[in-house]
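Colleague: Could you take me through one part of this model in some detail? I'd like a close look at the sheet, and at the side chains that go with it.

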Amino acid sequence: MKKLILVAAVTATMFSLSACVSTRTSGNVYRPYQTQNEMTVRMGVVDSVREVTIDGGRSGVGTLTGAALGGLAGSSVGSGRGSTATGIVGAVVGGIIGNNMESNANTRRGLEITVRLENGDLKAITQDADETFRPGDRVRLLSDRRTTRVTH
């Protein structure tokens with residue numbers, strides 16, 4: 001029973017921590033430090049759009065949590081040296097599964113949007129694919145010191 005409670009607690013921690021790793025790069029999402037700041041607005045036309053993958057990286061939480069859960073599950077099988085061996089195998093397999101889960105949770109679709117500004121300059125901005133852009137669309141580039149986003 002104690003092992004079951006421990007496994008449930010570690011699993012819940014893994015999912016909540018891996019969710020914190022991913023940051024959104026949407027043209028529609030503003031972080032608190034981005035509000036009430038002046039942004040430069042430039043007008044342009046979408047030249048091209050390319051689908052890309054945004055990889056949020058890995059913190060190691062998935063690997064460590066998977067290894068812990070796999071080790072606990074494996075060591076509960078058998079007794080003596082058998083439980084030690086299955087615990088080691090469980091830790092390795094759990095670590096691999098946890099790493100893959102975290103990787104999948106932190107990878108999302110993005111767009112690389114190339115915009116021709118009114119002055120003729122070309123700018124490419126990558127952001128989440130949560131809005132549709134097509135070549136020829138008239139768009140705005142909103143920029144501050146850290147971020148540029150494309151919006152309609």
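Modeller: Here's a walk through the sheet, strand by strand and then side chain by side chain. Keep in mind that this is a predicted model.

Let's begin with the layout. Five strands make up an open sheet, and the order across it is E3-E2-E1-E4-E5, with antiparallel pairing. At the edges you'll find E3 (122-128) and E5 (148-151); each has a single partner strand, so one side of each is left without a neighbour in the sheet. Going from one strand to the next, the twist averages 40°. As a bit of background, strands of a sheet pair through backbone hydrogen bonds, in a parallel or an antiparallel way.

Now for the E3 edge. E2, which covers residues 107-117, pairs with E3 in the antiparallel sense over seven bridges. If you want a spot to find on screen, look for Val115, which stands opposite Lys123 in E3.

Next, the salt bridges, of which the structure holds four. One of them joins Glu112 to Arg50, with the closest N and O atoms 3.1 Å apart. Glu112 sits in E2 and Arg50 in E1 (residues 40-55), so this pair ties together parts that are 62 residues apart in sequence. Glu112 is partly exposed, at 24% relative accessibility, and Arg50 is also partly exposed, at 47%.

Another salt bridge brings together the side chains of Arg109 and Glu51, at 3.7 Å from N to O. Here Arg109 belongs to E2 and Glu51 to E1, so the pair ties together parts that are 58 residues apart in sequence. Glu51 counts as exposed, with 58% relative accessibility.

Then there's Arg138, whose side chain meets that of Glu118 in a salt bridge at 2.6 Å, N to O. This one links distant parts of the chain, 20 residues apart: Arg138 is in E4 (residues 138-143), while Glu118 is in the loop between E2 and E3. Arg138 is partly exposed at 44% relative accessible area, whereas Glu118 is exposed at 59%.

Last stop is the E5 edge, and Thr151, which is found in that strand. Its relative accessible area is 7%, and buried means under 20%, so Thr151 counts as buried. What is Thr151 in contact with, leaving aside its neighbours within four places in sequence? The residues are Gly27, Glu131, Phe133, Val139, Arg140 and Leu142.

Conventions:
Residues are numbered from 1 along each chain as its sequence is written. This is a predicted model: local features need pLDDT of at least 70, side-chain atom pairs count only at pLDDT 80 or more; totals for chains, interfaces and linings use all residues. Side-chain values use heavy atoms; hydrogens and water are left out. Two strands pair if DSSP finds at least two bridges between them. Helices (H or I, at least four residues) and strands (E, at least two) are DSSP runs, numbered from the N terminus. Axes are lines fitted to C-alpha atoms, for helices over the stretch in contact, and angles run from 0 to 180 degrees between N-to-C directions. Buried means under 20% relative accessible area, exposed over 50%, partly exposed in between (1.4 Å probe, protein chains only). Contact means heavy atoms within 4.5 Å.
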